[in-house]
Amino acid sequence: MSNAETPAPAPAGPPPVETLTIKVDGRTVQVPKTMPDWQGKPQATTMLQACALAGVDVPHYCYHPKLPIAGNCRMCLVEFGTPVMDPATRQPVKNEDGSVKIARSVLPYEPGTPRGAIGCATPISPGMEIYPNSPATKQMREAVLESLLINHPLDCPICDQAGECKLQEYSVQHGQATSQFVEAKVHKPKAVDLGPRIMLDDERCILCTRCIRFAKDIAGDDALGIVNRGSYNTIAAAPGMKFDNNYTLNTVDLCPVGALTSKDFRFKMRVWFLKETKSVCTSCATGCNITVGSREDTVHRYEPRENDAVNGPWMCDAGRLNYKWIHREDRLKHVLIRGQKSNWATALKELTAKLATVAAGSAAVIASARQTTEELYLLRQLAAKLGALTDSVPRTQQADRLLVSADRNPNSNGARVTGIATGELGARLPLIAAGIRAGTITTLIVFGEDVTQCGIGADLLARLELLVVSDILPNPTVAAAHYVLPGCAHVEKRGTFLNGKGRLQKFLKGVEAPGDTRPEWEFLHELVHAVTGRNGYTSMEGLFNQMAQDVPAFAGLEWAKLGDQGVTVSI
Amino acid sequence: MAEQFKLVLKNADSPGYTPDMECYLKHGGYQALRKALATAPRDLPDGKKLSPQEVIRDDVKASGLRGRGGAGFSAGLKWSFVDRRSGKPIYLICNADESEPGTFKDRQILHKDPHQLIEGMVISCWANDVKLAYIYIRGEMPHGARILNQALREARAKGFLGKNILGVGYDLEIHVHRGAGAYICGEETGLIESLEGKRAYPRIKPPYFPAVLGLYMCPTIVNNVETLAAVKHIVEMGPVNYAKLGTPNNTGTRLVSLSGDVQKPGYFEIEVGKVTLGQLINDANFGGGLKPGRTLKAVIPGGSSSKVLKAGEVFKLKRKGADGQMTTVDVPLLDLPYDFDSLQAAGSMSGSGAIIVLDDSRSMVETLANLSEFYAHESCGQCTPCREGALWLAKGTHRLSHGEGRKVDAEYLLHIAQNIQGRTICAFGEAAAWPVLSFVKKFREEFEAHGAAAEAARKNSTSAGTHQH
């Protein structure tokens with residue numbers, strides 16, 4: 001043995017975290033001295049954060065980890081104690097049994113009455129004891145809830161928030177069964193048109209100011225504020241202003257009660273009927289994580305799903321409302337051969353035969369960067385067999401400062417890593433157009449794009465011997481197709497998108513596709529198998545894992561490893 | 001017989017005194033500022049050396065001056081909390097938002113002797129390295145704002161304010177800022193928000209202690225008008241002589257606003273603790289006694305938010321005997337020395353120095369309904385317990401005082417008030433809760449009788465109605 005064993009270098013882990021030892025609910029816990037604040041900057045750990053680390057939920061309304069602290073709802077008031085310090089020695093005073101003597105916090109002017117502190121803003125200190133379940137803490141919670149409910153309309157039966165309302169949830173957990181309030185309630189404006197997408201019910205509002213803080217500090221649109229005083233306080237848009245930026249609907253998610261509702265969603269569906277499916281937004285290259293809310297194959301809403309590596313807890317209004325086309329009446333629902341209704345078996349059999357005889361170099365493939373990575377991968381397999389030119393179509397618009405990417409395709413990077421496009425999307429489209437014009441390209445396969453919008457007009461399409469089109473909605477390219485293969489919206493299938501920053505994220509199927517439509521990856525896999533002779537997988541998991549072996553960027557990945565929040569790959 | 005001691009109002013109340021510069025100078029004005037600016041550094045026994053500014057700060061601490069706004073916190077200690085290492089500017093704000101019901105003492109200074117305040121402010125600013133200061137004056141005092149602005153113009157013209165004050169190379173500007181009529185602007189962090197142009201929502205503490213994160217997130221001192229005026233006298237007299245006024249731990253003089261059922265309501269200046277509540281109410285030099293034929297029912301001793309004291313109450317107070325030992329003595333209400341510590345020991349506070357006297361013609365239920373309506377109207381509504389509780393209290397007391405009460409309302413009101421105090425962002429929660437807690441606890445039988453009478457009346461009208469049919 002000539003090689004002396006060299007000691008392995010110590011793994012470069014994160015620096016050790018400074019911790020404090022405190023007690024939560026009687027249990028000793030070590031918690032970090034600092035934790036990230038709403039902007040990610042380290043700040044002294046709060047009682048609420050410490051309780052969360054100890055597995056104890058401290059109820060709260062105004063506190064939100066991604067918003068500046070307001071401290072106004074007082075729901076997170078908790079009783080606490082601190083070690084008694086000897087003023088002379090500055091050392092903790094001990095009890096007879098040797099334990100540290102703790103002074104419970106009391107009202108300075110009424111030493112018999114416990115005094116709570118708000119968990120969201122009160123930093124922990126060494127030796128502190130937090131009592132999140134003590135009788136005094138529970139009493140404080142009950143009292144705050146009572147205060148919040150006395151002027152609340154209690155109109156849960158017709159409230160859109162019902163079922164996902166913190167006022168309801170905390171009433172069940174911490175509330176009282178009866179009310180002793182015998183006065184007239186305060187009445188406030190209802191159905192206030194706050195902006196094009198937001199409706200406000202001021203009577204339901206608990207004035208937590210989450211919406212105001214979001215508008216000012218996250219969206220950068222200081223449009224909301226409070227008018228009037230005391231119990232008559234009312235959320236309102238600034239005089240003469242509408243609450244209208246591309247992020248307004250996040251306030252509906254943030255609103256812990258039913259005060260802010262989405263004009264798109266209100267009165268449409270009781271939320272407890274909604275099936276929730278983890279998915280990804282397709283409206284741009286950011287790939288905001290979303291939850292699709294659907295019932296019986298109808299999509300009712302998109303909501304952001306928190307992913308700090310991508311979108312935090314937010315998404316833009318445009319992306320959120322970009323689902324209506326899924327249920328359009330004119331969806332392509334049938335397999336068409338030269339305009340005549342047909343079926344998958346016939347179409348795929350004929351296409352297999354035709355594609356098998358295509359001369360090398362006489363075909364081209366244009367595949368949308370809205371298709372899934374798996375579909376793009378399969379199309380690339382097909383193109384390789386045919387010796388076909390491939391490309392995708394760019395969609396570039398203005399980016400914003402928060403989430404919206406200039407690249408409005410969800411999967412441009414997917415098109416790149418699978419080899420459908422190289423570098424700039426659309427660079428080879430003029431070549432394809434020229435090939436058709438010159439008669440060298442006679443077969444064109446188009447997935448998810450209207451190529452008449454990008455330099456390949458109906459006149460050129462008419463010259464083709466074979467035009468195969470898969471799409472979801474009708475367009476001039478579909479109209480010119482010899483074969484129409486109806487595809488699926490992403491909520492109707494599974495797959496992955498590779499976002500602008502190299503985050504590979506999977507999405508799941510929420511609803512069944514209409515008519516004869518089939519997920520593209522499913523029929524492509526059949527076609528590609530038939531044409532190339534390469535064995536395919538009949539499951540998404542198998543297909544993905546095969547792709548991961550072939551595409552260098554995905555080396556070592558498996559479907560099961562993607563998790564709910566995706567993985568970052570090197571692109 | 002107890003007498004007034006005029007220090008702060010000495011000039012203002014002398015015949016022919018006017019609020020202009022000429023008159024102020026004739027009465028020795030701005031001499032304290034000259035004295036302060038000429039302060040020599042001081043060597044301490046431990047070898048430390050105090051800068052002239054530190055000497056003034058030390059003197060204010062040594063004088064025992066306690067804040068005259070309401071809390072009675074040591075002014076010198078408050079100054080010592082200021083973060084002087086942040087590298088940010090330090091601001092000083094004079095809180096002239098005098099709006100505690102029953103209080104009308106700061107306006108005596110503002111209207112009659114504005115230069116005294118300005119002199120105290122310039123000294124305080126110099127001692128704290130403040131280059132920019134504000135006087136936040138209550139919106140309802142437009143006349144006071146005009147007088148102050150005129151006085152500031154005069155001070156600038158004379159070189160007491162502005163660039164290079166009195167040639168010592170010190171620059172200071174003072175601006176008057178008028179409020180828009182909200183009680184909450186008197187709360188120091190609410191005041192700061194308002195001064196920043198925002199809704200006067202008090203800030204959460206932690207982290208926004210004004211001494212560290214105050215105006216524009218810079219270290220800030222907020223002092224009451226009377227407190228800043230007293231600084232001038234501390235410099236003039238020296239801290240030792242100032243501390244000889246009043247009583248130990250309750251030094252100096254205080255302006256007292258006396259209102260309600262006395263013959264001679266008005267403002268008085270007393271040595272703190274040298275005059276009793278009874279003397280303030282009854283002596284010819286002060287309130288001149290109750291109205292003919294009336295007996296005392298209650299005293300609200302320190303502004304409308306302080307806890308009411310009931311006629312005949314006897315309090316246990318700790319007193320230092322001749323032998324230096326602390327003993328507990330029984331002190332009847334009217335023998336309470338009017339100072340910070342005695343009123344606190346009696347379970348209330350001297351607050352803003354406003355005494356409201358109630359005689360036996362007053363209904364405690366109606367009085368409380370009046371107070372609660374005020375606090376419901378003035379709650380800023382930021383935090384839940386106060387926002388909802390203050391109006392709830394107002395509605396409950398209104399109902400009770402309008403013949404629609406119930407016997408349980410006494411308990412009901414206590415329940416609501418107990419859930420406000422100690423649970424709110426600022427001390428307004430206490431201000432709204434304490435009148436209720438003290439009125440109902442001390443006059444419980446009156447509240448219950450009110451409720452019982454209303455219940456009986458409702459029962460009678462119901463049975464009478466049944467009978468008719």
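**Cavities, pocket lining and overall features of chain A**

The largest cavity encloses about 100 Å³ of space. In this predicted model, 13 residues line that cavity, and those nearest its centre are Asn151(A), Lys188(A), Glu203(A), Cys205(A) and Glu388(B). Residues of both chain A and chain B are thus named around the centre of the largest cavity. In total, the structure contains five cavities of 30 Å³ or more.

The second largest pocket holds about 1600 Å³ of space. Its lining comprises 45 residues, with Pro68(A), Ile69(A), Ala70(A), Arg213(A) and Tyr208(B) closest to the centre. Two or more lining residues are contributed by each of four elements of chain A: strands E3 (34-36), E4 (42-44) and E13 (224-227), together with helix H4 (210-218). Helix H4(A) provides the largest share of this lining, at four residues.

Chain A comprises 571 residues, 55% of which are buried, and its secondary structure consists of 14 helices and 28 strands. Along the principal axes, the C-alpha atoms of chain A occupy a box of roughly 95 × 85 × 35 Å. When contacts in chain A between residues at least 6 apart in sequence are considered, 65% connect residues at least 24 apart.

The exposed surface of chain A amounts to about 24800 Å², of which 54% is supplied by carbon and sulfur atoms. Chain A carries 61 positive and 59 negative side chains, and a distance of 2 Å separates the centres of these two sets.

Key:
Residues are numbered from 1 along each chain as its sequence is written. Chains are lettered from A and ligands numbered from 1 in the order in which they are written. This is a predicted model: local features need pLDDT of at least 70, side-chain atom pairs count only at pLDDT 80 or more; totals for chains, interfaces and linings use all residues. Side-chain values use heavy atoms; hydrogens and water are left out. Buried means under 20% relative accessible area, exposed over 50%, partly exposed in between (1.4 Å probe, protein chains only). Contact means heavy atoms within 4.5 Å. Accessible areas come from the Shrake-Rupley method with a 1.4 Å probe; for residues, only the protein chains shown count as cover. Lys and Arg count as positive and Asp and Glu as negative; His and the chain ends are not counted. The place of a charge is taken as NZ of Lys, CZ of Arg, CG of Asp or CD of Glu. On a 1 Å grid over the protein atoms alone, a cavity is a set of points where a 1.4 Å probe fits but cannot get out, and a pocket is an open set with protein on both sides within 12 Å along at least five of seven lines; lining residues have an atom within 4 Å of a point. Grid points are joined across faces, edges and corners, and a volume is the space filled by probe spheres set on the points.
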